[in-house]
Structure formats: structure tokens, C-alpha cells
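I opened this model to look up its salt bridges, its packing and its backbone. My entries follow in the order I made them.

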Amino acid sequence: MSAMRRAGAVAKQVMADVAANLSGEPDVSTAVLWGSRSGVGEAGQRVVTDVVLKCEPPFPFDFLATQPNLVAISVRQAFACVDNVIHLPCAGEAELHWRRMETLAAAWLRARRYARVLCGQVGAEAGAEVGGHTARWRVFR
């Protein structure tokens, strides 16, 4: 799991949440759909803050763009049952984003593309310590 060395807080949280949701579950064909409204934005703000306030060189923006891919690589390496990991950006209302994921999960299950779809939203927790996150996950069968 060398990809997780370069992962940000949201990517690590997604990995931990997937592990928790699949622990003890049967080894069946699985897709993971996830989104985060705050992950890349938070990381981008930290880059700007570091450059402006601390005069430190920023991480390349490529690092921010690769976070969903790092999640996909790490989850697929860790769980043989996971056939696909997709990041669906959450730009608007969280409930609308959730309904989109549910609709896609239902379509995949009806088509028997997967036996199980794990859907999740990860976000910054209001008032939490730096790096604190909330998560909402559901398994569809």
C-alpha cells in the first residue's frame, strides 16, 4: 500500500471507512462510490496558507488532483472483492449528491454488474480538530 504514503487526510479516511464497512463481509464483487466536498478544497487552502503565511513552497497541484486515484489504487490493492472505485465530486447539495450515488448503485445492481455497492460521503467536520472528518456510508445489495 505504498500509494497511501502520499495520501491526504480525506483519502486516508475513505480507506479506513471502506475497511470498516467491508470487515467481516462476504467476498463478493463490489464497487465503491465516494465523494467529498471538502477534501481537495481543504488541501488547496492549506497550500495557499503555507505559501502566503509561512513562505513555504507548495505541494504541486498534481498532488491534490491525484487523491481520488490514490484511494482507488489503495482500496483495490487492499480488498480483492473491490472491482471498481469511483470518486463522484460533490459540488452542490449533499443530498442531491447522495441521490446520484444511490441511483448509480441501483442501476449497477439491477444490471448485475456488482453484487454490492458501497457509497460514501466524507467531509470536514465543523468545529473538529484539524483533520477531523465526518463520514456517511451505506452498503447497497
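Entry 1, Arg99. I looked up the exposure of Arg99 in this predicted model. Arg99 comes out partly exposed, at 45% relative accessibility. I then asked which residue Arg99 forms a salt bridge with. The partner is Glu93, and the closest N and O atoms are 4.0 Å apart.

Entry 2, Arg136 and Glu95. I noted a salt bridge between Arg136 and Glu95, where the closest N and O atoms are 2.8 Å apart. Arg136 belongs to strand S4 (residues 133-140) and Glu95 to helix H4 (residues 94-110), so this pair ties together parts 41 residues apart in sequence. I checked the accessibility of both partners. Arg136 is partly exposed at 32%, and Glu95 is partly exposed at 37%.

Entry 3, the network. I looked for salt bridges that share partners and found Glu25, Arg116 and Arg141 joined into one network. Over the whole structure, my search gives 5 salt bridges. As a general note, side chains of opposite charge can pair when their charged atoms come close.

Entry 4, Arg116 and Glu25. I took one pair from that network and read the N to O distance: the side chains of Arg116 and Glu25 meet in a salt bridge at 3.8 Å. Arg116 sits in strand S3 and Glu25 in the loop between H1 and S1, so the pair ties together parts that are 91 residues apart in sequence. I wanted to know whether Arg116 is buried or exposed. Arg116 is buried, with a relative accessible area of 2%. Glu25 has 31% relative accessibility and counts as partly exposed, since the cut-off for buried is under 20%.

Entry 5, the chain as a whole. I counted 4 helices and 4 strands in the protein chain. Read along the sequence, their pattern is α-β-α-α-β-α-β-β. The chain has 141 residues, of which 40% count as buried. I also looked at contacts between residues at least 6 apart in sequence, and 67% of these join residues at least 24 apart. The exposed area of the chain is about 8,100 Å², with 55% of it supplied by carbon and sulfur atoms.

Entry 6, the cores. I looked up the largest nonpolar core and found 18 residues in it; Val18, Val32 and Val75 have the most contacts inside this core. At least two residues of the core come from each of helix H1 (9-22), strand S1 (30-35), helix H3 (61-78), strand S2 (82-87) and strand S3 (116-124). H1 gives the largest share, 6 residues. Apart from this core I found another, of 11 residues, which includes Ala31, Leu33, Val117 and Cys119.

Entry 7, Val75. I listed what Val75 touches, leaving out residues up to four places away in sequence: Met15, Val18, Val32, Val82 and Val85. I also took one backbone distance from Val75. The C-alpha atoms of Val75 and Ala16 are separated by 9.5 Å, while the two residues are 59 residues apart along the chain. Ala16 is placed in helix H1, and at 43% relative accessibility it counts as partly exposed.

Entry 8, H1. I checked the span of H1 next. H1 has 14 residues and reaches 20 Å from its first C-alpha to its last, close to the 20 Å expected at 1.5 Å a residue. Which residues of H1 are buried? They are Val10, Ala11, Val14, Met15, Asp17, Val18 and Leu22. Seen down the axis of H1, these buried residues fall within an arc of 165°, so they line one face of the helix. The general geometry is that an α-helix has 3.6 residues a turn, so residues three or four places apart point the same way.

Entry 9, positive phi. I noted that Gly24 follows H1 and has a positive phi, near 80°. Arg112 also has a positive phi, near 60°, and is a residue other than glycine. Most residues other than glycine have a negative phi, so I marked this one in my notes. I located Arg112 in the loop between H4 and S3. Its relative accessible area is 73%, and Arg112 is therefore exposed, the cut-off being over 50%.

How values were computed: Residues are numbered from 1 along each chain as its sequence is written. This is a predicted model: local features need pLDDT of at least 70, side-chain atom pairs count only at pLDDT 80 or more; totals for chains, interfaces and linings use all residues. Side-chain values use heavy atoms; hydrogens and water are left out. A nonpolar core is a set of buried Ala, Val, Leu, Ile, Met, Phe, Trp, Tyr and Cys residues joined through side-chain atoms within 4.5 Å. Buried means under 20% relative accessible area, exposed over 50%, partly exposed in between (1.4 Å probe, protein chains only). Contact means heavy atoms within 4.5 Å. Accessible areas come from the Shrake-Rupley method with a 1.4 Å probe; for residues, only the protein chains shown count as cover. The expected span of a helix is 1.5 Å times one less than its number of residues. The arc is that of the directions from the helix axis to the C-beta atoms.
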